[in-house]
Amino acid sequence: ITCAAPVPTTTTSNSAVSLEVSVGNDFTSSGSTFHYLVEPFVMSVTPSSVLPSTIGTFVLAGYNFEDSDSLVCDVGGVSSTAKYVSSTIVECAVPAGLSLGSLQVTFSLDGGETFIQSSGSVTVLSEVTVSSVSIDKASASGNTILTLSGSDFQMSEGYDCVFGDSTTPGTVVDNSTLKCTSPLGFHESTDITIQHKTHRFLQST
């Protein structure tokens with residue numbers, strides 16, 4: 001038997017009500033209950049960006065969160081395990097196989113049959129590789145142009161070139177080329193790290 005739940009009233013909202021079935025004028029007396037919940041609301045998700053290889057958790061912050069044995073998360077259409085922490089925090093495992101770009105993160109209390117109406121946004125960034133670094137002419141006074149060759153550089157994503165403790169913006173030429181300008185005090189043995197916001201991808205010398 002399928003029953004449509006009526007719209008909750010001020011007295012039934014966030015409470016358990018009895019659920020019985022009638023045949024004619026007679027109702028069952030099973031003692032079953034149906035629990036109306038206040039709609040949970042997601043306000044934020046951290047971290048706001050990850051790499052495809054990231055292993056960790058998204059932390060969803062909001063209010064009216066409820067614990068459930070059937071709690072499950074959805075990250076851009078990919079299911080992941082969920083953990084109830086409190087009425088304001090739910091953790092979602094970062095699943096494998098996420099698509100690049102902006103994705104919505106939300107959760108379900110009933111195993112994925114229905115999901116709450118609100119969600120948070122995260123961005124899956126490309127994971128670049130660098131195969132070589134070429135320097136036309138090194139100068140300790142800075143402004144040396146370095147050409148980094150590799151793969152998966154995205155025109156839509158901003159990169160920084162980190163030289164030790166100094167950072168300069170990188171310029172994407174194409175999918176396989178990134179140019180960096182060295183800071184003051186640069187020399188050829190300085191380690192170079194390519195960084196997208198808070199993510200450091202790789203290190204080249």
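In the predicted model, F153 is buried, with a relative accessible area of 1%. Y159 is likewise buried, at a relative accessible area of 3%. The rings of F153 and Y159 have centres 5.9 Å apart and planes at 85 degrees, so this pair is edge-to-face. The count of aromatic pairs comes to 3.

Another of these aromatic pairs is formed by F65 and F107. The arrangement of F65 and F107 is edge-to-face, with 5.1 Å centre to centre and 85 degrees between the planes. F65 belongs to the loop between strand 7 and strand 8, and F107 to strand 11, so the pair ties together parts that are 42 residues apart in sequence. F65 counts as buried because its relative accessibility is 2%, under the 20% limit for that class. F107 counts as buried at 0% relative accessibility.

The surroundings of F107 extend beyond the ring of F65. With residues up to four places away in sequence not counted, F107 touches P40, V42, L60, F65, L71, V72, C73, V90, F115 and I116. F107 is also one of the residues with the most contacts inside the largest nonpolar core, together with F58 and L60. That core has 20 residues. Two or more residues are given to this core by each of strand 5, strand 7, strand 8, strand 10, strand 11 (101-108) and strand 12 (120-124). The largest share, 3 residues, comes from strand 11. A second core, separate from this one, has 14 residues. V128, L148, L178 and C180 are included in the second core.

The strands named for the largest core can be placed in a sheet. An open sheet of 8 strands shows mixed pairing and has the order 5-7-10-9-8-11-12-6. Its edges are strand 5 (41-46) and strand 6 (49-50), each with a single partner strand, so one side of each is left without a neighbour in the sheet. Strand 5 pairs with strand 7 (residues 57-63) in the antiparallel sense, over 5 bridges. In this pairing, F41 stands opposite Y63 of strand 7.

The number of disulfides comes to 2. One of them joins C73 to C92, with an S to S distance of 2.0 Å. C73 lies in strand 8 (residues 72-75) and C92 in strand 10 (residues 89-93), so this link ties together parts that are 19 residues apart in sequence. The torsion about the S-S bond of C73 and C92 is -70 degrees, and the link is left-handed. C73 is buried, with a relative accessible area of 0%. C92 is buried as well, and its relative accessible area is 0%. C73 is also among the residues touched by F107.

A disulfide also joins C161 to C180, where the S to S distance is 1.8 Å. C161 lies in strand 15 (residues 160-163) and C180 in strand 17 (residues 177-181), so the pair ties together parts that are 19 residues apart in sequence. The S-S torsion of C161 and C180 is about -60 degrees, so this disulfide is left-handed. Both C161 and C180 are buried, and C180 is included in the second nonpolar core. When the bonded cysteines of the protein are numbered in sequence order, the pairing is 1-2, 3-4.

A further site examined is S32. S32 is placed in the loop between strand 3 (26-27) and strand 4 (33-35). The relative accessible area of S32 is 32%, so this residue is partly exposed. Leaving aside neighbours within four places in sequence, S32 is in contact with V17, S18, L19 and E20. Of these contacts, V17 is 15 residues away from S32 in sequence, and the C-alpha to C-alpha distance between S32 and V17 is 8.5 Å.

Note on methods
Residues numbered from 1 in each chain as written. Predicted model: local features only at pLDDT ≥ 70, side-chain atom pairs only at ≥ 80, totals over all residues. Heavy atoms only, no water. Pairing = 2+ DSSP bridges. Helix = DSSP H or I, 4+ residues; strand = E, 2+ residues; numbered from the N terminus. Disulfide = S-S within 2.5 Å. Buried < 20%, exposed > 50% of the residue type's maximum accessible area, 1.4 Å probe, protein only. Core = buried A, V, L, I, M, F, W, Y, C linked by side-chain atoms within 4.5 Å. Contact = heavy atoms within 4.5 Å. Phe/Tyr/Trp six-rings, centres within 6.5 Å; stacked < 30°, edge-to-face > 60°.
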